[in-house]
Amino acid sequence: MTMMRRLIFVMTLAALAMTAEAKVRLPHMIGDNMVVQQQTEVRLWGWDKPKQKVTVTTSWSTEQATATTDKDGRWLVKVKTPKASFEPQTITFDDGEAVSISNVLVGEVWVCAGQSNMEMPVKGFGNCPVEDHNEVILDAVNHPGVRSLKIPSTMRMEPQDDAQCQWQVCSPLTVGEFSATGYFFARLLSKSLNMPVGIIEANKGGSRVESWLTKENLQKHTQEPTDTMGIVNFKPEYDYQRALLWGNGTFNPILNYTVKGILFYQGCSNVGDPGNQYSERLKLLVEQWRGQFGLGEIPFYFVEIAPFHYDNVNADNAARLREQQYRAQQIIPNSSLVSTNDLVYPYETTQIHPAQKRQVGERLAYTALNRDYGFEQVWYKSSSFKDMTVKDGKVYIHLQDEYGAMSRFEDIVGFEVAGDDRVFHPAHAQHFWQPGGGYWDEAIVVSSPEVAKPVAVRYCFKNFQIGNVKNGAGLPLFPFRTDNW
């Protein structure tokens, strides 16, 4: 090769290298089939060479958004989105060489976070089926406006800004991999709103609430180690319970995305936490996520852990965690808790992944439809304990959020009473009604022949106990206790 040819060859390679370097690079979650949040300014971002101008255009607008990359090659723009529509759109990113993504829908976007009961797919886990699997798979053909993005569960010591993932369009071939809880939420939301719904699945089976906290929050608010060996040694057998790592690897990549709200199903791995620790740390996590998303006080709707034996059906360590979840919804603004006390079968005592996931997802959808989309006639609250009065050896329990009805007048199960000896006995319970606006008016009257002078009542306050009290919406009464023993 002559000197001139060699020079031309080298210059050509250099030009090609510069072109390759200049091409816009997008995070994996910005791609074909994605759903963008409607009627807002969505964030779009990526990388290019430093000081490079990037222009973003969309098929729904003549406006352009531009950004110049920083010294590290990062860029971010905000793009106004129209009303939701099933009409496919395109987005083009251009730095001199255009990159386009297609089949983009405009709709509602929700995050599905937590541990394995949120991660559990429509096809189920091994020995953990989802009810009505075949019916759900075949029905998926009717819901192409539902899309899912699964973030791989990954541990990292440092926060990650990208993850290997891609949006999937709902179909009988794909829906089996969707989060069951997330899919049933999205399916009902899409049907009710007549618009596309995207779910971003960022979760990890077995993870604790600490698994998602940042290094700064762990150091400031917990005693959890945040160095590599400290984290590994703290949970040597169960990597899924390690603090920090899952948030860095699995949640951090989604924080630039513009979302409507967060759905959360987690808590099993925190059973046994002392005092108010869980509710306070969950509140901290919600504050952290809201701050990181930078979208204001976005909705946070979460799920009560279901009845499970936890090695002793009659112990109350799981009941105390549920109590902490109930407390969390009281101290976390713009949050709401879905009860699952009725969503296990009696034979699922040792099944950590109950089969009834449709009802969980749909109850989350009821919550969002009422609170965020104007469906005021959709009832979403479970009833809960209000107060009690003792008279003549009987306890009169008053509830709130009944929606004007209780599911049954007799054969009520799940109640226990105790006297000063703090020994609880199974109680007889039935509906009580005193017409004419009397002192008790309407209540559940509870008594036991073993307790002459009751002082405390519990309802389904055990690791595994299924009650049968429901309100006018058919939603279960939250488990509760009136004592602080």
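A residue counts as buried when its relative accessible area is under 20%. With that cut-off in hand, welcome to a tour of this predicted model.

**Two helices**

Let us start with helix 4, which covers residues 180-193. Of its 14 residues, 12 are buried, so helix 4 is largely enclosed by the rest of the structure. The buried set is made up of Ala180, Thr181, Gly182, Tyr183, Phe184, Phe185, Ala186, Arg187, Leu188, Leu189, Ser190 and Leu193. An arginine, Arg187, is among the buried residues here.

Helix 8 runs through residues 277-293. Its buried residues are Tyr278, Ser279, Arg281, Leu282, Leu284, Leu285, Val286, Gln288, Trp289, Arg290 and Phe293. When reading such a list, it helps to recall that an α-helix has 3.6 residues a turn, so residues three or four places apart point the same way. Just after helix 8 comes glycine 294, with a positive phi of about 65 degrees.

Do the lengths make sense? The table sets the expected span of each helix, at 1.5 Å a residue, beside the distance between its end C-alpha atoms.

| Helix | Residues | Expected span | End-to-end C-alpha distance |
|---|---|---|---|
| Helix 4 | 180-193 (14 residues) | 20 Å | 20 Å |
| Helix 8 | 277-293 (17 residues) | 24 Å | 24 Å |

For helix 4 the two values agree, and for helix 8 they agree as well.

**Strands and sheets**

Now to the strands. Four of them form an open sheet in the order 14-15-19-18, with antiparallel pairing. Strand 14 (384-391) and strand 18 (428-433) stand at the edges with a single partner strand each, so one side of each has no neighbour in the sheet. From one strand to the next, the twist averages 30 degrees. Strand 14 pairs with strand 15 (residues 394-400) in the antiparallel sense, over seven bridges. To find this pairing in the viewer, look for serine 384, whose bridge partner in strand 15 is glutamine 400.

Earlier in the chain, strand 3 (residues 53-58) and strand 4 (residues 64-68) are antiparallel and share five bridges. Together strand 3 and strand 4 make a hairpin, with five residues between them. Strand 3 also runs antiparallel to strand 6 (residues 85-94), to which four bridges join it. Valine 56 is a handy landmark: its bridge partner is alanine 65 in strand 4 and phenylalanine 93 in strand 6.

Strand 5 (residues 74-80) contains arginine 74. Arginine 74 has 40% relative accessibility, so this residue counts as partly exposed. For a sense of scale, the C-alpha atoms of arginine 74 and valine 130 are 42 Å apart in space, while the two residues are 56 apart in sequence.

**Aromatic contacts**

How many aromatic pairs does the structure hold? There are 24 aromatic pairs. One of them joins tyrosine 183 to phenylalanine 184 in a tilted arrangement, with 5.8 Å from centre to centre and 50 degrees between the planes. Both tyrosine 183 and phenylalanine 184 are buried, and both appear among the buried residues of helix 4.

Another pair brings together tyrosine 459 and phenylalanine 480. Their ring centres are 6.1 Å apart and their planes meet at 25 degrees, so the pair is stacked. Tyrosine 459 belongs to strand 20 (residues 456-459) and phenylalanine 480 to strand 21 (residues 480-481), so the pair ties together parts 21 residues apart in sequence. Tyrosine 459 and phenylalanine 480 are both buried.

Ring pairs also link Trp212, Phe251, Phe264, Trp289, Phe293, Phe300 and Phe302 into a cluster. Trp289 and Phe293 of this cluster are buried residues of helix 8. Elsewhere, arginine 25 lies over the face of tryptophan 47, at 4.2 Å from the ring centre.

**Cysteines without bridges**

The structure holds zero disulfides. Why does cysteine 128 form no bond with its closest cysteine sulfur? The sulfur in question belongs to cysteine 268 and is 12 Å away, too far for a bond; the cut-off for a disulfide is within 2.5 Å. Cysteine 128 has 9% relative accessibility and therefore counts as buried.

Cysteine 460 also has its closest cysteine sulfur in cysteine 268, at 17 Å, which is too far for a bond. Cysteine 460 is buried too, with a relative accessible area of 1%.

How values were computed
Residues numbered from 1 in each chain as written. Predicted model: local features only at pLDDT ≥ 70, side-chain atom pairs only at ≥ 80, totals over all residues. Heavy atoms only, no water. Pairing = 2+ DSSP bridges. Helix = DSSP H or I, 4+ residues; strand = E, 2+ residues; numbered from the N terminus. Axes fitted to C-alpha atoms, helices over the stretch in contact; angles between N-to-C directions. Expected span 1.5 Å × (residues − 1). Buried < 20%, exposed > 50% of the residue type's maximum accessible area, 1.4 Å probe, protein only. Phe/Tyr/Trp six-rings, centres within 6.5 Å; stacked < 30°, edge-to-face > 60°. Lys NZ or Arg CZ within 6 Å of the ring centre and 35° of its normal.
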